[in-house]
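Subject: Structure for you to look through

Dear colleague,

Here is the structure I promised to pass on to you. Please keep it open while you read, since my notes follow below it.

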Amino acid sequence: MSRIGKLPITLPGNIEITVADNNLVTVKGPKGSLSTPVDKDIIVKQQDNTLVVERPTEQKRHKAMHGLYRSLINNMVVGVTEGYRERLELVGVGYKASMVGSILELSLGYSHNIFLSLPDGVTATAVTEKGKNPIISLESNDKQLLGQVAAKIRSLRKVEPYKGKGIRFVGEVIRRKAGKTASK
């Protein structure tokens with residue numbers, strides 16, 4: 001059995017789950033609604049306050065999908081009840097971030113500012129305190145979308161290993177390299 005796939009998903013009382021005939025799982029909660037299609041072979045059953053994901057056979061294909069769909073459904077349940085949050089830190093002289101409506105404006109040391117339009121479902125706040133690095137906080141109920149947006153922002157100025165400048169996740173440890181050594 002899959003270690004992850006066999007774990008039941010506990011459902012809080014304030015959410016509503018529906019499984020359609022075509023195996024479309026929809027989760028509704030206080031932070032919105034999410035849905036994902038599940039493979040037709042995977043069985044999703046609701047028992048009281050738990051949701052169980054089962055596989056019909058021990059085929060390699062079914063084993064691979066068992067844990068995957070259990071994790072996807074669990075991520076949706078957590079997303080609509082608590083939500084997800086990601087924090088990015090801008091490290092570098094003159095790096096700035098600001099929000100204008102749903103557009104994130106970044107000044108990352110290039111000759112021009114970068115304007116990034118955030119998709120629906122993702123909200124961001126940019127905080128700049130004196131003497132500290134600017135921090136961008138992203139929030140969403142969709143874990144996959146949030147990770148994709150965070151990765152896109154981070155790719156605009158990756159952290160370089162010599163000085164440590166760039167966009168990083170808060171708490172991320174960067175392996176630093178030694179620069180050139182002076183000749184004797």
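In which strand is the place of Ile103? Before I answer, please bear in mind that this is a predicted model. Ile103 belongs to strand β9, which covers residues 103-107, and with a relative accessibility of 34% this residue counts as partly exposed. Together with Val100 and Phe115, Ile103 makes a nonpolar patch of about 290 Å² on the surface.

Next come the charged side chains, for which the count is eight salt bridges. One of them joins Arg61 to Asp39, with 3.4 Å from N to O, and this pair links distant parts of the chain, given that Arg61 sits in helix α1 (residues 60-81) while Asp39 sits in the loop between β4 (32-37) and β5 (43-47), 22 residues apart. Arg61 has a relative accessible area of 40% and is partly exposed, whereas Asp39, at 18%, is buried, because a residue must be under 20% to be called buried.

Beside Asp39 in the sequence you will find Lys40, whose side chain meets that of Asp41 in a salt bridge of 3.7 Å, N to O. Lys40 is exposed, with a relative accessible area of 71%, but Asp41 has a value of 21% and is therefore partly exposed.

A further salt bridge is formed by Arg85 and Glu139, whose closest N and O atoms are 3.8 Å apart. Since Arg85 lies in strand β7 (residues 84-91) and Glu139 in strand β12 (residues 135-140), the pair ties together parts that are 54 residues apart in sequence. Of these two partners, Arg85 is exposed, with a relative accessible area of 53%, and Glu139 is partly exposed, at 39%. Returning to the earlier residues, salt bridges that share partners join Asp39, Lys40, Asp41 and Arg61 into one network.

Finally, a word on the aromatic rings. How many aromatic pairs does a search of the whole structure find? The number is zero, although a ring does take part in another kind of contact, in which Arg157 lies over the face of Tyr110, at 4.3 Å from the ring centre.

As you go through the model, you might begin with Ile103 in strand β9, then turn to the network of Asp39, Lys40, Asp41 and Arg61, and end with Arg157 over the face of Tyr110.

With best wishes

Technical notes. Residues numbered from 1 in each chain as written. Predicted model: local features only at pLDDT ≥ 70, side-chain atom pairs only at ≥ 80, totals over all residues. Heavy atoms only, no water. Phe/Tyr/Trp six-rings, centres within 6.5 Å; stacked < 30°, edge-to-face > 60°. Lys NZ or Arg CZ within 6 Å of the ring centre and 35° of its normal. Patch = residues over 30% accessible without salt bridge, like charges linked within 9 Å, V, L, I, M, F, W, Y side chains within 5 Å. Areas by Shrake-Rupley, 256 points an atom, 1.4 Å probe, with all protein chains shown as cover. Salt bridge = Lys/Arg side-chain N within 4 Å of Asp/Glu carboxyl O. Helix = DSSP H or I, 4+ residues; strand = E, 2+ residues; numbered from the N terminus. Buried < 20%, exposed > 50% of the residue type's maximum accessible area, 1.4 Å probe, protein only.
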